[in-house]
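I open this notebook to record, in order, what I looked up in the model below. I begin with the chain as a whole, go on to helix pairs, and end with single residues.

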Amino acid sequence: SQQLKEEIRRGFAGLEDPLAALLAMLENSSDWKGKGHSLGYYITTELQLWIKEHPAVPQSGIQLKELQARVLRILSQCPANLLDPLISIYQLHTADRNYLLEHVSHLYLKGDYKEAAILSIKLQLQPDQDVEKMCIPLLLQDKANVVEDYVGEYPELQSKLLQILDSWCDPGVNIRDVTRPYQGLSRYKPEKFNHRTLSKLVFRLLDRFHVDPALCPNVVNQRHLRTLNYLFYKRFVEKTMTEENWADHVQSTVGDRRCLQGHLVQLLLRHCEGRAAARWARRWGLPTDLLPPGLPEEPPEHHTPERVEEATKADNYEDSKKKDYYQLPIPRENIHFLQTWEETLQCWEKVLQPGQVVGVDMEWKPSFGMVGKPRVALLQMAVKDEVFLLDLPRLLEQAEEEEEKEKLPRFIQRLYSDAAITKLGYGMSGDLSSLAATCSALKDTEKQLHGVVDLLTVDKQVEGLSPEHSHEERGVRQQEKGLSLLVQHVLGKPLDKTEQLSNWEKRPLREEQILYAASDAYCLLEIYERLCKDPESFGLSSDLMDSLVGKRSIKPRAKKQLNKQEALSPSVQQCQGSQMETPRGPAPVSPREFSVVCDNMLQGLGRYLRCLGVDVRMLDNEDDHRKAAEIARQEGRVILTSGLPYQTLQSQVGEGRCFSVNCSEKAKEQALQVLKHFNVQVSLSDIFSRCQ
């Protein structure tokens with residue numbers, strides 16, 4: 001390509017009029033019309049660079065206008081990568097604006113709507129065009145991305161477009177009336193143009209351009225109506241929402257909007273008997289003229305038979321929870337709700353220990369599809385036998401009052417970036433995105449992750465993990481999914497999700513919310529421990545680190561930009577790290593001088609190494625993996641482990657004193673891998689030199 005560039009430049013230098021010559025080449029060739037870097041693309045971009053070095057070349061006056069007229073005819077056929085170079089070379093931003101608008105109008109009338117819009121964007125013609133006229137055909141052709149770019153730099157056009165789209169979402173508007181003039185449109189996709197897709201587009205644009213939702217009352221009201229229907233479904237059909245949560249969300253959704261109040265009354269009458277409907281209507285202060293005549297009055301006595309029956313059902317339900325759902329295995333006093341910086345110090349002291357395993361989860365108030373990313377209201381951190389619940393809004397507010405905004409984010413970043421601490425989560429990408437929206441100082445946390453295990457990746461790998469395996473005989477009302485399904489499959493009982501849609505911003509938190517939040521974080525520790533002890537029984541490879549750490553659900557990057565901790569399994573990191581740091585390898589040792597402690601999933605390897613004369617200790621099946629670190633420190637042994645425990649154990653011993661073995665191989669291959677890595681030289685006299 002370097003030779004090609006030099007030849008192109010020699011050609012320009014020998015031409016009397018390089019700009020006219022380039023147009024002649026493009027007009028008489030078609031290779032540049034395809035995608036990718038064609039010869040025409042190379043010549044054009046080289047000319048653009050060459051002109052910068054030879055400023056006397058550009059034309060002016062009549063000759064330039066003629067060239068501009070010719071290049072405009074080419075632009076409508078251009079691939080995207082040629083537009084900017086040609087616009088720059090022929091100075092189209094200086095061309096007569098009316099002439100440019102006329103050319104774009106000609107493209108539009110020919111039916112080249114996308115080409116007309118893209119050329120308008122490149123030449124910044126949007127303020128002089130009719131936004132509705134330019135955008136409707138694009139939306140009908142499912143080109144919403146072009147529409148977004150078209151209004152992207154112009155707030156006035158954004159507002160105008162949003163108002164137009166919102167007006168089409170009025171229940172009284174027939175979408176067919178809007179689309180009728182365009183029925184002969186090529187690539188017309190009417191199924192992509194309806195109230196629901198328009199509503200989604202409006203919310204996406206409101207979010208992207210940070211426009212006040214009040215500008216779009218129709219789509220906002222429709223979203224509220226759908227939220228009301230959803231809340232009634234959760235409460236009365238699925239029966240997975242507590243009365244308090246339901247009432248709280250219904251009231252905040254409806255407010256004093258009369259159209260929503262009328263819909264609420266209809267839903268109450270459909271799902272509740274008359275007396276209960278009247279009670280809720282009066283509790284929420286609904287206008288009496290919306291209530292049907294003859295609705296029974298609420299009796300003054302609070303302990304009506306219906307109320308007593310409801311209370312009895314609630315008590316029975318609480319008892320059944322213990323039988324049907326996962327229960328926290330720690331006492332209530334070990335759950336700490338932290339609202340001040342002083343209180344959080346005990347949390348950081350325990351969480352930020354090298355070798356610590358921490359279950360992390362977050363809660364926020366449900367947005368029910370409204371604009372904006374949710375802001376974290378509660379950050380949960382679970383360690384062995386304890387859970388810390390951090391009141392994030394209060395702590396951030398306190399830090400701001402004390403003018404120490406960076407204090408809390410600094411500790412959170414330290415936790416996520418420390419490879420010596422194993423962080424467990426479920427769907428961590430969404431959690432981290434909400435964390436960044438809550439505190440701008442944490443926006444780069446996702447780029448600095450080390451020692452993270454996202455258990456969401458297990459969903460696709462654990463055998464038999466599907467909603468059909470829900471325990472129907474236990475009377476659970478709905479099929480389990482997500483983390484609840486994983487908890488059920490690994491620990492035997494699902495999570496109770498009735499508090500999931502709580503208002504997590506409301507203080508004080510109810511006791512049920514506190515227990516739910518603590519359970520969500522603590523169950524991660526128990527899943528991790530169970531999978532580490534017996535991965536094969538769940539259909540996972542014994543090298544769990546490859547299964548879990550190597551496939552985090554954080555947003556994917558291009559293959560060429562693989563993150564260091566994503567790209568390699570620990571055993572490969574260990575081998576490659578040792579090759580980089582000690583290219584000559586360790587000095588040779590005999591098996592009699594080599595002493596190891598084998599983790600409990602490597603007992604076969606331990607027996608094989610002992611046959612070769614190596615000094616081996618092995619953990620028993622019931623031993624905690626961390627016992628290996630204690631033995632290694634006390635007796636000067638090397639730890640041999642595999643999968644997830646490697647991450648915890650390697651930080652508790654000296655460098656090079658912990659090695660991750662590939663569990664998918666047989667004991668003999670594992671032994672050869674260990675001997676080669678540590679340069680252990682086995683002689684004939686070493687075989688069976690130790691008691692078996």
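**Whole chain.** I take helices to be DSSP runs of H or I with at least four residues and strands to be runs of E with at least two, both numbered from the N terminus. On that basis I find 30 helices and ten strands in the protein chain. The model is a predicted one, and I keep that in mind for every entry that follows. I looked up burial next and noted that 48% of the 692 residues of the chain count as buried. The accessible surface comes to about 34800 Å², and carbon and sulfur atoms hold 50% of that area. Among contacts with a separation of 6 or more, I see that 68% are between residues 24 or more positions apart.

**Helix 2 and helix 4.** I then turned to helix packing, starting toward the N terminus. The axes of helix 2 (residues 18-27) and helix 4 (residues 61-75) come within 11 Å of each other and cross at roughly 30°. Because angles under 35 degrees count as roughly parallel, I enter helix 2 as roughly parallel to helix 4. Their crossing is left-handed. On the side of helix 2 the contact is made by Leu19, Ala20, Leu23, Ala24, Leu26 and Glu27, and on the side of helix 4 by Leu67, Arg70, Val71 and Ile74. Sorting these residues by class, I get eight nonpolar, no polar and two charged. I set a general point beside the list: an α-helix has 3.6 residues a turn, so residues three or four places apart point the same way.

**Helix 7 and helix 8.** How are these two helices oriented to each other, and at what angle do they pack? I find an angle of about 130° between helix 7 (residues 113-123) and helix 8, with the axes 9 Å apart. That angle makes helix 7 oblique to helix 8, and the crossing is left-handed. Helix 7 contributes Tyr113, Lys114, Ala116, Ala117 and Ser120 to the contact, while helix 8 contributes Met134, Pro137 and Leu138. By class I record six nonpolar residues, one polar and one charged in this contact.

**Helix 18 and helix 20.** For helix 18 (residues 341-351) and helix 20 (residues 407-417), I note a packing angle of about 15° and axes 12 Å apart. I therefore enter helix 18 as roughly parallel to helix 20, and I add that the crossing is left-handed. The residues making the contact are Trp341, Trp348 and Val351 of helix 18, together with Lys407, Leu408, Phe411, Ile412 and Leu415 of helix 20. The classes here are seven nonpolar, no polar and one charged.

**Backbone entries.** I went through several residues with positive phi. Aspartate 142, which is not a glycine, has phi near 65°, and I place this residue in the loop between helix 8 (131-140) and helix 9 (144-151). With a relative accessible area of 35%, aspartate 142 is partly exposed. Lysine 239 also has a positive phi, about 60°, although this residue is not a glycine. I locate lysine 239 in the loop between helix 13 (217-238) and helix 14 (243-254), and I list the residue as partly exposed at a relative accessible area of 47%. Glycine 285, just after helix 16, takes a positive phi of about 70°. Within helix 16 itself (residues 274-283), the buried residues are Ala276, Ala277, Ala278, Arg279, Trp280 and Ala281.

I also looked up peptide geometry. The bond joining arginine 507 and proline 508 is cis, with omega about 0°, and proline 508 sits in the loop between helix 22 (482-491) and helix 23 (511-533).

**Aspartate 686.** Is this residue buried or exposed? Its relative accessible area is 3%, and because buried means under 20%, I enter aspartate 686 as buried. The residue lies in the segment after helix 30 (667-678). Setting aside neighbours within four places in sequence, I find aspartate 686 in contact with Pro591, Arg592, Cys611, Leu612, Gly613 and Gln681.

Definitions and conventions: Residues are numbered from 1 along each chain as its sequence is written. This is a predicted model: local features need pLDDT of at least 70, side-chain atom pairs count only at pLDDT 80 or more; totals for chains, interfaces and linings use all residues. Side-chain values use heavy atoms; hydrogens and water are left out. Buried means under 20% relative accessible area, exposed over 50%, partly exposed in between (1.4 Å probe, protein chains only). Contact means heavy atoms within 4.5 Å. Axes are lines fitted to C-alpha atoms, for helices over the stretch in contact, and angles run from 0 to 180 degrees between N-to-C directions. Angles under 35 degrees count as roughly parallel, over 145 as roughly antiparallel, 65 to 115 as roughly perpendicular and the rest as oblique. A crossing is left-handed if the near helix is turned anticlockwise from the far one by less than a right angle, and right-handed if clockwise. Ala, Val, Leu, Ile, Met, Phe, Trp, Tyr, Cys and Pro count as nonpolar, Asp, Glu, Lys and Arg as charged, and the others, Gly among them, as polar. Accessible areas come from the Shrake-Rupley method with a 1.4 Å probe; for residues, only the protein chains shown count as cover.
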